[in-house]
Amino acid sequence: MSENQKTTRNYKDTVFLPSTTFPMRGGLPKKEPEIIARWKQLDLYKKLRKARKGREKFILHDGPPYANGNLHMGHALNKILKDVINRSQSMMGKDANYVPGWDCHGLPIEWKIEEQYRKKGKDKDEVPIEEFRQECRDFATHWMDVQSEEFQRLGVLGDWENPYYTMKFESEAIIAEEIGKFLMQGSLYRGSKPVMWSPVEKTALAEAEVEYSEHSSTTIFAKFKLVKCTIESLIGNYIIIWTTTPWTMPGNRALAYGKDIDYVAVTINQVSETSIAHEGQTIIVSEILLEDICSQCGISEYEVKTKLKGYELKGSIASHPMVKAGYDHSVLLLDGDYVTTEQGTGFVHIAPGHGPEDYELAHVKHGIEVPDTVNENGTLMEHLPHFSGLHVLRDNLKIAEIMAEHDGLIGIGKLIHSYPHSWRSHAPVIYRNTAQWFISMESDGLREYALSALAETSFYPTAGQRRLTSMIENRPDWCLSRQRAWGVPIPVFVDKKSGKPLQDQTVVDRIIDIFKKEGCDAWFTSPSSRFLGKDYDPGSYEKVNDIADVWFDSGSTHAFVLEKRKDLHSPADLYLEGSDQHRGWFHSSLLESSGTRFRAPYKGVLTHGFVLDEQGRKMSKSLGNVVNPQKIIQQSGADILRLWVVSSDYYDDLRIGAEILKRQTDHYRRIRNTLRYLLGALDGFDKLQPVSFDEMPELEKWVAARLFDLDITIRQKANIYDFHTIFTELHDFCNGDLSAFYFDIRKDMLYCDALDDPSRRAALTMMDMCFRSLVSWIAPILCFTADEAWLAYTGNNQDSIHLGEYQKIPLDWQNSDLIKKWSKVRSIRSDVTTALENARTDLKIGGSLQASVELSLPEEEVMLLSGIDLPTLFITSNAQIVNGNASQIKVEINLAVGDKCERCWKILPEVSTNDGICRRCNEVVTAMV
RNA sequence: AGGCGCGUAGCUCAGUUGGUUAGAGCGCACGACUGAUAAUCGUGAGGUCGGCAGUUCAAAUCUGCCCGUGCCUACCA
């Protein structure tokens, strides 16, 4: 080798640069499906069950999504969070067995099928119910398959081959069995309440099946004579009400006043020719509405007798306008906080069978019985004198005239207003009192059991407890029945004579047996005798044709999933859903379980917020701000979405949008590159001897202490489902501790020291542990990337990081003193980098290796730095303490003296006499041969 | 309209029992390196802590009102 060749020798191939097959760019959209395929081929779910066999179980019970469409961000958030929790529990050694599920029955699916019928010009009522139900079943099956694929694409690990769903025959049977429990207890009772009813279709409607359009109504001013009142002078006066639904008058049972409204008693002195009001009578109405009423009723002269406040009418009783014509019941005056003086008379007539508010005030609050007055075809019932057979929508003028004849009115009018109509027939609908099945909150102490169960449940965040508790405290009895087709029937027979439900366990058991084998379609297709057996005459019993509220279905999942599957347990460790489920699944599950098992089906409840757009607005099609999970997965990958979940405070609402996702991608790259650097550095490490902890340099011991602390934090936070903190800790560790500090300092050693140098081996030993720890810590979050990195590390494609656990960090790695010490060291280092930056700005230096650092330090800091190699710490070519007794830290930067080592690029005096490289490099290169 | 929440830098979040000039990371700007290179390192600029009023020696933190926003109810005779 000539002199010339020597000086230009390229030392690059003598430097141990990182090398790895783990690419810098993830290419997640393409890679993730491959990883999923690998998991399937490995049968990861089952393998994990085997690996965790006998371990303590952790059961996060899946709240079933509704099987009727593609996933949206809310689904993604929910399932990712569940998966992160399950995987982290698994990493902590538990058998976290996750069984996903679906909710299949219910109105939205029923509608879809109906809609298809309408398109074909078919009528739902002409189709046999079993055929209709089969189509609903097929529809739900289709969407379960679609959603299952979509969930798995998010990386969610669970028993996808054997999920639960509410329309499975066994599920349906057990739902029926649970209803049977309430039946046998006696807390299931038949009552009634007003529901939206279409007289044309003769069916109950849901709120969402109703559309509002213009309708012309006959209005009446009806008069109720006061028969009892604390203000005696008012007795005999008439309370006036105004209504747009004269047909509800036979069902009137009360009047509502506003306690703070000003009323006046007014004597009518003169009326117009056409008026039906009577001179000399005294009426009571709202003061500010008086003029308006008088003009509408043709009252031309009047005289105010008394002024009063609403509350003075408390306890008063009036008589019905038709009191002498068969309507001689008492009409109570009640305080209604919803009464306004915007229109009408300031009094509201209450027909408990014809409005939810009427029902609530009269029946629920005051126990007034709800009369049946309207047939299912919309005609008034036979037992109603004078009105029998009249139609509630067509005959209102007639009804008004009859009332006027009986001197029950002071005015008749007309109003065009917005009124509910049936979505299907576009015909007006009414509220109609309808027989319904209820579960009593009181009769068997359900409310008490539920409340005490809540007190024993852990809530994340704690606010959920208050919210649910106040709902349970205030809610009315559970209305279980729906007049619908697609659901689990209420498996009850009613004794036609007594009107009481049949309570016989053998009948219930028989029903359940049949449902288990054939599904609950049998209820609609089999004769009653099949269920009743020989002991009862089918002719004497009415089979209930209502189905159960779908919330009862999902409220029973603990019974047919948690209790029935041997690989699960009840109560679950955790239920986790969006905050809307306080009113939904958390609520219904609690009631169902409290009523039958006297405890909650869960030990903990976690609620997350809703997904909003980047400005914090709700997502809607009309705003055009909807973000689809499918699109994000396609563009960036599911790991990015998963990172978004844990980087957010999911107890509150979460925002998502272009910038937020960009930030996640940035964070992802940082973590990925940290893994990549470790993998590169560790290339070939397995051939070298690891170094025992005691023999490691202090810097490595500091890394060990950081790992120890992180391990503690991560386990603690994972146990309270606080992944946001975990994410922050991990990111800062990769970013601040490793990349910007430890790696940067150790590069020289890693690249330039002899391959088997003890210090270098010590660094690699610690880096190996860093990698193993880091990859297991991110595994629950970045499940794909962790898997990929682990595969690059082990080279064993029959293994997966997800079968493993968090690393066990040795106890003697804990060292809070070292953490404190190096925090101070880094503070001095920061002063140096600032000084270096200033020198750079002054064009004194470029790279830090060009610099020589002169430090003036107080004694304390000198002690701190003793034993630490300063050029290594600062990544400069030279550094020394020039004054060890200074009052404050002072840093001076000079150009390093000497020539640049061709191999390690440090500037050292020895280089010129050493063939262009430094002493250390010379030794290493010579030894290589 | 009612019940329960939320509102700290462009973004995501910390801010312990009220106590010095309100923190972090990202992004941004500027610079260095070119042996983590569609990487990496450094420095820096960004906040009347939703608004107003009050309690206090002292408020992002406690109280009241208001505004914005989300979930759940109720939207009617």
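Trainee: Where is Pro-461 found?

Mentor: Pro-461 is found in the loop between strand S19 (458–460) and helix H12 (463–474). Before we go on, this is a predicted model in which local features need pLDDT of at least 70 and side-chain atom pairs count only at pLDDT 80 or more, while totals for chains, interfaces and linings use all residues; side-chain values use heavy atoms, with hydrogens and water left out. Residues are numbered from 1 along each chain as its sequence is written, and chains are lettered from A and ligands numbered from 1 in the order in which they are written. Helices (H or I, at least four residues) and strands (E, at least two) are DSSP runs, numbered from the N terminus.

Trainee: What is the omega of the peptide bond from Tyr-460 to Pro-461?

Mentor: Omega is near -5°, and this bond is cis. Another cis bond joins Ser-570 and Pro-571, with omega about 0°. Pro-571 also sits in a loop, between helix H17 (557–562) and strand S25 (574–578).

Trainee: Why is the reach of helix H4 called close to the expected one?

Mentor: The expected span is 1.5 Å times one less than the number of residues. H4 (residues 73–91) has 19 residues, giving an expected 27 Å, and the helix reaches 26 Å from its first C-alpha to its last. Just after H4, Gly-93 takes a positive phi of about 100°.

Trainee: What makes H4 mostly covered?

Mentor: Of its 19 residues, 18 are buried. Buried means under 20% relative accessible area, exposed over 50%, and partly exposed in between (1.4 Å probe, protein chains only).

Trainee: Then why is His-386 called partly exposed?

Mentor: Its relative accessible area is 43%, so it falls between the two cut-offs and counts as partly exposed. His-386 is in the loop between helix H9 (356–365) and helix H10 (396–405), and its phi is near 75°, a positive value in a residue other than glycine.

Trainee: And why does Trp-905 count as exposed?

Mentor: Trp-905 has 53% relative accessibility, which is over 50%, so it counts as exposed. Trp-905 lies in the loop between strand S32 (899–900) and strand S33 (907–908) and has a positive phi of about 70°, although it is not a glycine.

Trainee: Which residues have the most contacts inside the largest nonpolar core?

Mentor: They are Leu-641, Leu-707, Met-767 and Leu-873, in a core of 157 residues. Helix H23 (residues 723–752) gives the most to this core, with 15 residues. A nonpolar core is a set of buried Ala, Val, Leu, Ile, Met, Phe, Trp, Tyr and Cys residues joined through side-chain atoms within 4.5 Å. In soluble globular proteins, nonpolar side chains tend to be buried together.

Trainee: How many residues of H23 are on the surface near RNA strand B?

Mentor: H23 supplies 11 residues, the most of any contributor. Near means that one heavy atom of the residue lies within 4 Å of the strand. Of the 62 residues around RNA strand B, Val-348, Arg-466, Ser-647, Arg-670 and His-724 come nearest.

Trainee: How do you know that Arg-670 has a polar contact with a phosphate oxygen of RNA strand B?

Mentor: An N or O atom in the side chain of Arg-670 is 2.3 Å from that phosphate oxygen. A polar contact is a pair of N or O atoms within 3.5 Å (within protein, one must be able to donate a hydrogen and the other to accept it, and residues adjacent in sequence count only if both atoms are side-chain atoms), so this pair qualifies. For Glu-837, a side-chain N or O atom is 3.0 Å from a sugar or linking oxygen of RNA strand B.
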